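Biologist: Please take a close look at a single strand, then follow the chain outward from there. Which contacts and burial values can be read from the model?

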Amino acid sequence: MSGPGSAAAGALEMLAGRGQSLAVAESLTGGLVAGALTAVPGASRVFRGSVTAYATEVKREVLGVDGALLAARGAVDGEVARQMASGARRVLGADWGLATTGVAGPDPQDGHPVGTVFVAVQGPDGAEAVRRLSLAGDRDRIRQDTIRAVLALLLSELTENTRAQDTEQHGGNGCLQP
């Protein structure tokens, strides 16, 4: 499996080619997604910054995650991840936002077993996706797999967004021509 560095480089290159920016909101990864992105030379052309929202209050007060949602479902939730990605975009003034939230261990949290993770991406023109992951391994493995997953989700959305824009601009049906 390729490491997060190649996915980070690929995503940053695609965003740079579009003249778009990226921000990150992280919980269980504690800044590691931002670290993977900023390890890529030239990341500053695209990467705006990150919020490490480890505490629930930070998710609510800084990123604007709905307090009633957090009270009802806890921080390990797909809608929380979506709102974190949205908050990262808003707070840091970026075109695209990523988010990670979940349980890296060693103990379960909010009724969720270790390895339950949600990753989210949100972009312009309504582009967004949320994925629930059930990861195995120790704390470090879960965090590393989360980085890979959120970057893969971003690449997937960027690729899908590119196809949709091409179809819109060229009036095609989305099928590739020989």
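Modeller: Strand E1 (residues 22-26) is joined by 5 bridges to strand E2 (residues 47-52), and the two run parallel. Helices and strands here are DSSP runs numbered from the N terminus, a helix (H or I) having at least four residues and a strand (E) at least two; two strands pair if DSSP finds at least two bridges between them. This is a predicted model, in which local features need pLDDT of at least 70 and side-chain atom pairs count only at pLDDT 80 or more, while totals for chains, interfaces and linings use all residues. Residues are numbered from 1 along each chain as its sequence is written, and side-chain values use heavy atoms, with hydrogens and water left out.

In the pairing of E1 with E2, Leu22 stands opposite Phe47, and Glu26 has Thr52 as its bridge partner. E1 is also joined by 5 bridges to strand E3 (residues 96-102), again in parallel. On that side, Glu26 stands opposite Thr100. In general, strands of a sheet pair through backbone hydrogen bonds, either parallel or antiparallel.

E1 is mostly covered, with 5 of its 5 residues buried. Buried means under 20% relative accessible area, exposed means over 50%, and partly exposed lies in between (1.4 Å probe, protein chains only). The cover applies to both faces: Leu22, Val24 and Glu26 are buried on one side, and Ala23 and Ala25 on the other.

The link from E1 to E2 involves helix H2 (residues 32-38), and the three make a right-handed β-α-β unit. A crossover is right-handed if, with the strands pointing away from the viewer, the path from the first strand over the helix to the second runs clockwise.

The open sheet that holds E1 has 5 strands in the order E2-E1-E3-E4-E5, with mixed pairing. E2 and strand E5 (128-134) are the edge strands, each pairing on one side only. From one strand to the next the twist averages 10°; axes are lines fitted to C-alpha atoms, for helices over the stretch in contact, and angles run from 0 to 180 degrees between N-to-C directions.

Outside the sheet, Arg73 is found in helix H4 (residues 67-73). Its relative accessible area is 46%, so Arg73 counts as partly exposed. The C-alpha atoms of Arg73 and Gly111 are separated by 9.6 Å, although the two residues are 38 apart along the chain. The side chain of Arg73 also makes a polar contact of 3.2 Å with that of Asp77. A polar contact is a pair of N or O atoms within 3.5 Å; within protein, one must be able to donate a hydrogen and the other to accept it, and residues adjacent in sequence count only if both atoms are side-chain atoms.

Asp77 has a second contact, at the start of helix H5: one of its side-chain oxygens reaches to within 2.9 Å of the backbone nitrogen of Glu79. H5 (residues 78-92) has 15 residues and reaches 21 Å from its first C-alpha to its last, close to the 21 Å expected at 1.5 Å a residue; the expected span is 1.5 Å times one less than the number of residues. Among the buried residues of H5 are Val80, Met84, Ala88 and Leu92. Gly93 follows the helix, with a positive phi near 65°.

A search of the whole structure finds 7 salt bridges, each defined as a side-chain nitrogen of Lys or Arg within 4 Å of a carboxyl oxygen of Asp or Glu. One of them joins the side chains of Arg60 and Glu61 (3.1 Å, N to O). Arg60 is partly exposed at 34% relative accessible area, whereas Glu61 is exposed at 61%.

Asp145 takes part in two such pairs. With Arg141 the distance is 3.0 Å, N to O, and both residues lie in helix H6 (residues 139-170), 4 residues apart, about one turn of the helix. Asp145 is buried, with a relative accessible area of 15%, while Arg141 is partly exposed at 48%. In the pair of Asp145 with Arg148, the closest N and O atoms are 3.2 Å apart. These two are 3 residues apart in H6 and therefore separated by about one helical turn. Arg148 counts as partly exposed, at 24% relative accessibility. Elsewhere, salt bridges that share partners join Glu79, Arg82 and Glu128 into one network.
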